[in-house]
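Visitor: I should like to learn how to read salt bridges in a structural model. Please take me through the one shown here.

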Amino acid sequence: MRQTDRHFKFDWITIMLFFMLAGFGWLNILSASHSGEIIDYFSFTEFYGKQLIFIILSVLLIILILSIDAKFYERFSSVIYFASLLSLVGLFIFGKTINGATSWYDLGGMTLQPSEFAKAATALAVAKYVSDLQTDIRQFKHQIRIFGIIIIPAFLILLQKDAGSTLVYGAFFFVLYREGLPKIYLIIGSLLIVLAICALKFGVVITMLVSAVIVFGYYFSKKKKPSFFQPVITLTIALLISFVVRFAYDTLLPFHQKDRITIWLSLEKDAGKLEKMKKEAAYNLLESEKAISAGGWKGKGFMEGTRTTGKFVPEQHTDYIFTTVGEEWGFIGSFGVVLVFVLLILRILHLAELQKSQFSRVYGYSVGAILFIHFLINIGMVMGLIPTIGIPLPLFSYGGSGLWGFTILVFIFVKLDSNRINEW
């Protein structure tokens, strides 16, 4: 094969893994949403029928994405980003509220969620800015601008009361770290999370005592003695953060989010009250855990899950779709799904590292990081390892916006990778 033919070659491993997940996801949506009726695969009144149509339309979307010149995505990345921001702002005027979140446009017979497309737009904008010849990510002024590109859409989505989609934007900081962002940001971010959890779990006083021991121990163990004010300032900042976290938890968080955190960290000391709270606020989680454990090693078989067919798990075709896998396909099937997700993410990261242009590399790492965060949070949520957060499992959960958003995200990179031989 001549090298010039590489322009027309796509990475079929990535494409195959993509359709394996989308196809198997549809089978589980079919099982989770049918009610014993005669199956009409193209019925637009059934979730499985609509999802199948969404998948077919995704194929047309893929053909369109791959037919566009690869340089288009870099050249017009800023335009795509600003158009995405406008679509998010428009929700405050024309948006439809579902389950407390104003995140959808009502298009008559269907809804469209622009936050699902904003992830790809933000990835393009980040890749464009980082790869600019004038950008030095080690300089603070450039770091502020990059953070702005990431934070603006995340903040607009947070205002729509969609905390799950907002968390996904944390994936970009791992991408920036790969490109030279000082590791102090990751260290500070990790410490803030630990500090917040400790403040909720053990209270401000105990958290500050432990922090004081660690801070003063660190500073005074160094050979070059720091100024006494450095540990004092550090401890003061930690104290302020602890108070802010506690205040936000006690007064600002909606009751349902507060209950989820309380259950996750077992903050309620009264065992009876905690158990009652679990039954009321964590019903989805409890039923999810029961469904997964009922599957055992081999599962109950396709469309044979009693808790799935009995509709015990609310929203099982969307955020809790992995419970269907656990019950009907068992540990073996669940492990297989996890394995395919891991292979897809690793394949994308491998291809990203092979890119000749920084734009393609940054975008590829963004795709891998976004998929990983979605995958990690959703499965962790379903298994009770993290608080319940409304975030879909990529290519598995029901929804046209989610499926098309991930299709755009992945196949723009497939197109960029196909043009690798032409990059200089």
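**Reading the salt bridges**

Guide: This predicted model holds nine salt bridges.

Visitor: What is the N to O distance between the side chains of Asp 11 and Arg 347?

Guide: A salt bridge requires a side-chain nitrogen of Lys or Arg within 4 Å of a carboxyl oxygen of Asp or Glu. Here Asp 11 and Arg 347 meet at 2.5 Å, N to O. Asp 11 belongs to the segment before α1 (12-33) and Arg 347 to helix α16 (residues 321-354), so the pair ties together parts that are 336 residues apart in sequence.

Visitor: Are Asp 11 and Arg 347 buried or exposed?

Guide: Buried means under 20% relative accessible area, and exposed means over 50%. Asp 11, at 9%, counts as buried, whereas Arg 347, at 22%, is partly exposed.

Visitor: Which strands hold Asp 106 and Lys 96?

Guide: The side chains of these two residues, Asp 106 and Lys 96, form a salt bridge at 3.9 Å, N to O. Asp 106 is in strand β2 (residues 101-106) and Lys 96 in strand β1 (residues 95-98), ten residues apart. Asp 106 is partly exposed at 43%, and Lys 96 is partly exposed at 33%.

Visitor: Where do Glu 116 and Lys 119 lie?

Guide: Both are in helix α5 (residues 115-130), three residues apart, which is about one turn of the helix. Their side chains meet in a salt bridge at 2.7 Å, N to O. Glu 116 is buried, with a relative accessible area of 5%, and Lys 119 also counts as buried at 5%.

Visitor: Which residues are joined into one network by salt bridges that share partners?

Guide: Arg 178, Glu 179, Glu 353 and Arg 361 are linked in this way.

Methods:
Residues are numbered from 1 along each chain as its sequence is written. This is a predicted model: local features need pLDDT of at least 70, side-chain atom pairs count only at pLDDT 80 or more; totals for chains, interfaces and linings use all residues. Side-chain values use heavy atoms; hydrogens and water are left out. Helices (H or I, at least four residues) and strands (E, at least two) are DSSP runs, numbered from the N terminus. Buried means under 20% relative accessible area, exposed over 50%, partly exposed in between (1.4 Å probe, protein chains only).
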